[in-house]
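Me: I should be grateful for a close look at one strand pair and the sheet that holds it. Please explain each term as it arises.

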Amino acid sequence: MASPTPPRPLAALLFAATIGLGACLLFQVQFILGKQVLPWFGGAPAVWTTCMLFFQLLLLLGYGYAHLLSAGASPTRQRNIHLAALALALALLLARVALWPSPITPSDAWKPGEGESPALAILGLLLFTIGPPYLVLSATGPLLQSWYARVFPGASPYRLYALSNLGSLLGLLSYPFALEPLLPVAGQGWLWSGGFLLFALGCAGTAILAGRAPVLADSRTSPVPAEPPSPVPADRRPAAPPSPARQLLWFVLAMVASVLLLAITSQISLEVAVIPFLWMLPLSLYLLSFILCFEYERAYVRGLWVSLLLLGAGGTAVVIRVGVDAPMLVQLATYLLTLFFACMVCHGELVRHKPDPRHLTSFYLLVSAGGAAGGLFTGLLAPNLFPDLWELPLSLVAACALALALARRGAWPRSPIVRNCLAALGLAYLLALTGVLAYHAHHELDDHIHVSRGFFGVLRVDQDIGESGELRTRLRHGRIIHGLQFADPDLARMPTSYYGPGSAVGLAIHNHPRRARNEPLRLGFVGLGTGTLASYAAKADSVRFYEINPEVVALSSGNRPFFTYLRDCPGQVSVAIGDARINLEREPDQGFDVLALDAFSSDSIPAHLLTVEAVKLYLRHLRDRDSVLAVHISNRYLDLDPVVRGIAEVLGLTVLRIDDAESNDMVYSSDWMLLARDPAALAAPELQLAAEPEPERTPENDPWPLWTDAYSNLLQVFKG
């Protein structure tokens, strides 16, 4: 005898709780795994883009699974298949309990090796790590909504979609403000795995309820009636399937929003830092637009949001053109507001064109397909199709064009004159926006002698005439100059840009005790750039660079390199390709006399290189107590001084800050900090004279902020 069906309120609560928990876990795991693999691949913005591509593709597969299951199987068969999928996912997690730090966080043995394609390595790692559990979670929304419609005939399941997005938003917000500060990555993995177990139990309960629900008769399963049926009222007749044009609109709206989300996230990460907090901001606005549009349909007023999108697009075009000279808060506000306006338009139009609940799984499948197509375009196609980051301006123009086209189909003024004038104004605005963005794209590539785009960003090499009238070759990564070299042979070996003789790294090498004793130095540099720091090596010295981007190495290699610092170095030079931390972890102690940390991505920082654990690793590779660690902290937006002081305080290191204010066509002003185990290593008069005064301790900086592999708070170091 079957057990009795639970009361309707309890059954509805079970559906709601399971969908909410599943959505929360769906997004939390993205941050947990994204944070773990980020330092394995150099902290590049493309790491998160690739992770998002994986999760969008799995979401599409999950939606496809839900669509096929709900459309082609009986309730009992749906229940049995999904229970088997849940059991398989749980078994996979259980099998890893004794092998990994947590069931979803792989051990260090899974770190990538030299020469692996970063994108393929990330996709493969994520597939093996979280593939089956994430696939089950991805199917939760549409599958449980279809079951809900069967268990509660006549009730709209679309409110559960808003609830699902609310759960996703809670999953996002809980990560940087709760999980990340309180637990290490392995602890986060254990907590998530426990949540997945609760979700599996709830999902099994909903599957059992759906399996007991009566099958709704339709034209495919109903027997031929013995007599003609009674007329069916028009409002109760089965809804016609959505047209191909309507389905294409769902796909395009979802794709445009997805491309904008990923492009703006990459832009923010490129200029500030690649950390979960900055991933969360755009993704939260993306989900908030889903919640508002699906739960409060009146929140989408087409005329208002289309107008705001056009204004935001204009502001974004200006910010893109101004570049790094625009204040960071202005950049963040402009990018994020424009993303929100665009998502409100795209998702608001999705709600306006959503189908009858009978077709909701196909609706979600196409929306998911559009999102995955956006991920494929941004993560795989754009880096191979475009020489620069053109996906942001292209998606911005596409969003505005789509919004204007949909607005024209809507309730415009009846007067033909007014309608034509508005249409002409909209077209003129769109052409002007396209012109501004196209001019910027042309300007960024004009007069460059080399441009390459890869997983780690866009590299540009150009030449100009400096104030002295000398020809210079410069390297740019993103918007930032990462080194330069003079063409004149008499100047070609001179240290330039941020590494002049008055910089802290230059002073540390010149004043090292071993240099004073005419003993050879062993120099280590994290970040190659143009190879300028090799100019400090003497004939008997050895120099080892750590560079994650093979394309940067190629610029200083071969028979005709763009930069010749490595070729002209009198000492012995070697280059280790790959993430510096991974290489240093695998290498025996290097015995560096000076190790300089100069790895930056555009003007952003790879935060995993500025943590307590990272500095402990650097110290292991220093020769003795006379050895010096130099940290380059020049940054437009972030004050990294407190972070370095916090690490030095915890590890008992002496620290000096040296700012080189000299700025001309040869050297730029730069800020460096020197750390050593022994104060005597930094006692040279030239270092002491150049050092900045020790900052006073105040309630705001006592204690100094401390960054670890588990947690780094970017808000603590934003410049006012």
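Reply: **A strand pair and its sheet**

Ala630 has Leu674 as its bridge partner in β11. This is a predicted model, in which local features need pLDDT of at least 70 and side-chain atom pairs pLDDT 80 or more, while totals for chains, interfaces and linings use all residues. Residues are numbered from 1 along each chain as its sequence is written, and side-chain values use heavy atoms, without hydrogens and water.

The bridge between Ala630 and Leu674 belongs to the pairing of strand β9 (residues 628-632) with strand β11 (residues 670-676). Four bridges join β9 to β11, and the two run antiparallel. Strands pair if DSSP finds at least two bridges between them; a strand is a DSSP run (E) of at least two residues, a helix one (H or I) of at least four. In general, the strands of a sheet pair through backbone hydrogen bonds, either parallel or antiparallel.

How many strands form the open sheet? There are seven, in the order β7-β6-β5-β8-β9-β11-β10, and their pairing is mixed. At the edges stand β7 (572-577) and β10 (654-660), each of which pairs on one side only. Direction ignored, neighbouring strands are turned against each other by 15° on average.

Helix α21 (residues 641-651) lies across β9, β10 and β11 (contact means heavy atoms within 4.5 Å). With respect to β11, α21 runs at about 0°, angles being taken from 0 to 180 degrees between N-to-C directions.

Another strand of the sheet, β5 (522-526), leads to Asn518, which is placed in the loop between α16 (513-516) and β5. Most residues other than glycine have a negative phi. The phi of Asn518, however, is near 60°, a positive value in a residue other than glycine. Asn518 is exposed, with a relative accessible area of 71% (exposed means over 50%, buried under 20%).

Ser497 offers a useful companion case. Its place is in the loop between β4 (480-486) and α15 (504-510). Here too the value is positive: the phi of Ser497 is near 50°. Is Ser497 buried or exposed? Ser497 is buried, with a relative accessible area of 1%.

Turning from strands to helices, the axes of α1 (residues 8-37) and α7 (residues 185-212) come within 9 Å and cross at roughly 150°. α1 is therefore roughly antiparallel to α7 (over 145 degrees). The residues that meet include Ala11, Leu14 and Phe15 in α1, and Val185, Gln188 and Trp192 in α7.

How values were computed:
Angles under 35 degrees count as roughly parallel, over 145 as roughly antiparallel, 65 to 115 as roughly perpendicular and the rest as oblique. Buried means under 20% relative accessible area, exposed over 50%, partly exposed in between (1.4 Å probe, protein chains only).
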